[in-house]
Amino acid sequence: MYLEIKNNQTVNKADIPIDSFKNIKKDLDFKKMRVVQFFVNPENGKNRLYCVFTGNESTKRLFVVSCYVENSFESITPINLALHLFEREIYENFEIKPIGHPWIKPVRKQDNYEFLKSDDMQTHEVAVGPVHAGIIESGHFRFLCNSERINHLEVQLGYQHRGAEKMLKIAPSIQLAESICGDSTIAYALTFAHAIESLSNIKVDKKSEIIRLIALELERIAIHIGDLGGIAEDIAYKIGSAVFGVTRTLVINTMQEICGNRFGKGLIKIDGVNFDIDTKIGEKILSMLDEVQKRVDKMMKAMNNNTSVLSRLEKTAIVSIKHAKEIGMVGMAARACNVKIDARKFDDENFEILTTGGGDVHSRFYIRYVEIKQSKKIIENLLEKLEGEINLERQFVNLAPNSFVTSITESWRGELAHTVITDEKGNIETYKIKDPSFNNWLGLAIANRNGQISNFPVCNKSFNLSYCGFDL
Amino acid sequence: MFETIKCIELQKNQVIKDIKNATVNEKFRGLSKIHSEKCTNCNECKNICPTNAIIGIGEDLSIDLGKCIFCGECERVCTSDVIKFSNFHKLGSTLREGLITKGELDPIKSTEFIKKTFGRSFKLRQVSAGGCNSCEMELGACSNANFDMGRFGIEFVASPRHADGIVITGPITKNMAKALEDTYQAISEPKIIILVGACAISGGIFQNSEELNREFLEKHKVDLYISGCPAHPLTIINAILDFLGR
Ligand code: SF4
Ligand code: SF4
């Protein structure tokens with residue numbers, strides 16, 4: 001028993017079926033289904049567990065189901081590993097215990113965190129972070145190593161926790177939404193806007209929506225290029241990091257020309273966009289993309305023909321397709337393991353999902369190149385469709401009461417989902433965010449098993465997961 | 001090999017030669033000009049500002065660039081054209097009050113001591129205490145082949161033991177408070193504290209979060225504030241150069 005919904009579709013809370021936990025558990029076999037959201041919303045003194053899920057691969061279908069839970073429930077993690085963090089999160093926020101969960105630990109809280117220990121005399125621990133060597137966000141990695149070999153990696157996060165979900169519930173604003181995870185500014189702003197617009201039945205004019213999608217793809221191109229440079233940097237291939245670095249500048253400076261901010265802050269508003277893309281800027285985007293493509297092509301060719309580069313990237317830090325599916329990886333990192341998951345499919349049935357096989361650092365390196373080319377084509381197509389005026393008028397935001405909406409966007413990292421539930425007065429009851437990093441951090445840990453600890457930096461960069469998107 | 005050499009040409013001549021006089025694209029929202037004589041006391045800007053950055057009304061209207069996230073909402077909502085953002089990007093001050101502006105900022109002044117101690121080599125340790133990764137990426141961009149801050153002897157280093165100062169981004173979360181203090185303590189005297197971005201300076205968009213612990217800033221004196229959300233690399237580099245008296 002479940003309700004089929006569409007991306008960004010508002011439904012009445014009462015229309016969402018209330019099933020038994022047992023039945024839900026039966027449906028959540030990872031071989032058939034993939035979980036998008038799994039959280040508890042306190043309603044009328046009871047704890048209602050909502051689960052949004054979708055088919056495994058290349059699907060545009062989305063379902064929602066719910067059930068009531070008391071102080072505990074039978075953990076689903078043993079049959080679907082992808083749920084391990086969702087269940088831990090529920091335990092942390094509501095003290096509802098997932099019984100039988102193999103690995104109950106804090107998700108974002110810092111106190112009483114116990115790392116896995118080893119009694120083996122040959123094993124030593126390496127602690128990295130929360131303050132890292134480079135200019136990156138804060139998080140902690142704990143390695144159990146046998147000399148240079150990693151036996152186990154545990155990722156402990158929460159350092160960047162600012163209580164964003166709670167703040168969005170009390171005072172929702174687009175500025176707050178776009179500041180949660182700054183490298184995915186556009187994706188966050190867009191997902192927030194889609195959810196709020198759907199709840200208040202606001203229609204966005206066609207041109208504004210196209211501009212938003214152009215910005216989303218520009219963001220993808222910019223970050224992907226930056227990451228190619230980051231990977232080059234981490235294998236000490238300096239020319240690569242320098243060239244990709246300056247190439248990324250071209251893209252984000254174009255973003256600045258569109259909206260005055262290199263990351264796209266201030267571009268998206270509820271009911272549209274604040275800045276137009278006229279023909280002049282449109283042409284600039286096109287010529288910028290040509291130049292970018294030329295440079296990226298050249299640099300990629302040089303790197304891909306360089307055996308010392310390939311020897312560092314190929315067969316390093318592999319996630320097998322089996323593991324990727326088992327732990328529910330999403331986005332670019334999953335597509336690098338040949339798993340066909342892309343949230344752009346929800347909105348466009350004909351969207352072509354690109355993959356690179358292998359699941360090693362090179363696949364995650366190469367998928368970025370493939371996606372840069374794809375995004376360029378998408379932008380070119382979108383630019384052709386630009387016509388008319390954007391609507392700068394502001395519409396009144398009035399959220400529908402007792403409603404539920406899930407908005408999903410394919411950010412450059414992967415599937416970003418925001419679910420918003422309103423109470424009987426139309427105030428936000430729960431604002432739930434699931435960053436793609438929430439699915440993928442375990443992938444990083446698995447990729448490093450039995451690898452060299454000296455390969456960790458380049459592997460970490462090849463995933464480039466978000467700390468603040470996870471910590472919220 | 002030859003392919004690699006050919007790629008060098010892709011990177012050539014992209015460095016911004018004159019960092020001090022370089023300008024930012026005209027759409028960039030930098031220093032706001034305020035025509036307070038036109039203000040009709042309608043309070044619309046104050047009501048819409050997500051960070052309470054607008055102080056006073058009418059004649060006294062000013063903007064606190066330590067809180068402002070440059071979203072431009074106030075400019076859009078004002079029907080009397082009181083607030084106008086310019087693309088002037090040199091937004092920094094050695095004093096917190098120095099960021100409250102009616103359209104102008106005092107230039108950053110250096111001291112003999114700073115100039116003598118750090119003027120030729122200035123190494124910094126960065127700590128992200130809840131930053132959203134935009135400020136962090138802009139700090140990273142300061143060292144890329146466009147902005148090349150390294151040519152001035154200003155660099156980010158991996159260990160606080162090698163650093164002359166700390167650059168903080170983010171609103172300082174409870175969970176990062178201890179790590180931040182520890183990192184600061186690991187730096188030897190004399191040491192500098194620089195705050196980058198609205199979050200670090202005032203909590204910015206996260207100022208009302210319950211998950212912050214900003215005690216660090218009560219305990220230690222901040223030497224330099226750099227505004228932005230995120231701060232532009234040119235803003236950051238120029239502020240540091242001015243601070244060093246270069
Ligand atoms: S631009 Fe600054 S002052 Fe104006 S509304 Fe935004 S945060 Fe407030
Ligand atoms: S000031 Fe703005 S860009 Fe910088 S960390 Fe805070 S939210 Fe992010």
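Colleague: Which residue is the bridge partner of Phe404(A) in β14(A)?

Modeller: In this predicted model, Phe404(A) has Ile421(A) of β14(A) as its bridge partner. That pair belongs to a wider picture: strand β13 (residues 403–410) of chain A and β14(A) are antiparallel and share 7 bridges.

Colleague: Where should I look in the hairpin of β13(A) and β14(A) for a positive phi?

Modeller: Look at Gly414(A), with a positive phi near 150 degrees; this hairpin has 4 residues between its strands.

Colleague: And how many bridges join β14(A) to strand β15 of chain A?

Modeller: There are 6 bridges, and β14(A) and β15 (residues 428–434) run antiparallel. Find Thr422(A), and you will see Ile428(A) of β15(A) opposite. The hairpin of β14(A) and β15(A) has 5 residues between the strands, and here Gly426(A) has a positive phi, near 85 degrees.

Colleague: How do I read the two faces of a strand?

Modeller: Start with the general idea: along a regular strand, side chains point to one face of the sheet and then the other, in alternation. Now the case here: Glu415(A), Ala417(A), Thr419(A) and Ile421(A) lie on one side of β14(A), with Leu416(A), His418(A), Val420(A) and Thr422(A) on the other, and all are buried.

Colleague: Why is β14 of chain A described as largely enclosed?

Modeller: Because 8 of the 8 residues of β14 (residues 415–422) are buried, the rest of the structure largely encloses this strand.

Colleague: Now for the ligand. How many residues surround ligand 1?

Modeller: The count is 13, and the closest are Cys49(B), Cys68(B), Cys71(B), Gly72(B) and Cys74(B). By type, the shell has 10 nonpolar residues, 2 polar and 1 charged.

Methods. Residues are numbered from 1 along each chain as its sequence is written. Chains are lettered from A and ligands numbered from 1 in the order in which they are written. This is a predicted model: local features need pLDDT of at least 70, side-chain atom pairs count only at pLDDT 80 or more; totals for chains, interfaces and linings use all residues. Side-chain values use heavy atoms; hydrogens and water are left out. A residue is near a molecule or strand if one of its heavy atoms lies within 4 Å of it. Ala, Val, Leu, Ile, Met, Phe, Trp, Tyr, Cys and Pro count as nonpolar, Asp, Glu, Lys and Arg as charged, and the others, Gly among them, as polar. Buried means under 20% relative accessible area, exposed over 50%, partly exposed in between (1.4 Å probe, protein chains only). Helices (H or I, at least four residues) and strands (E, at least two) are DSSP runs, numbered from the N terminus. Two strands pair if DSSP finds at least two bridges between them.
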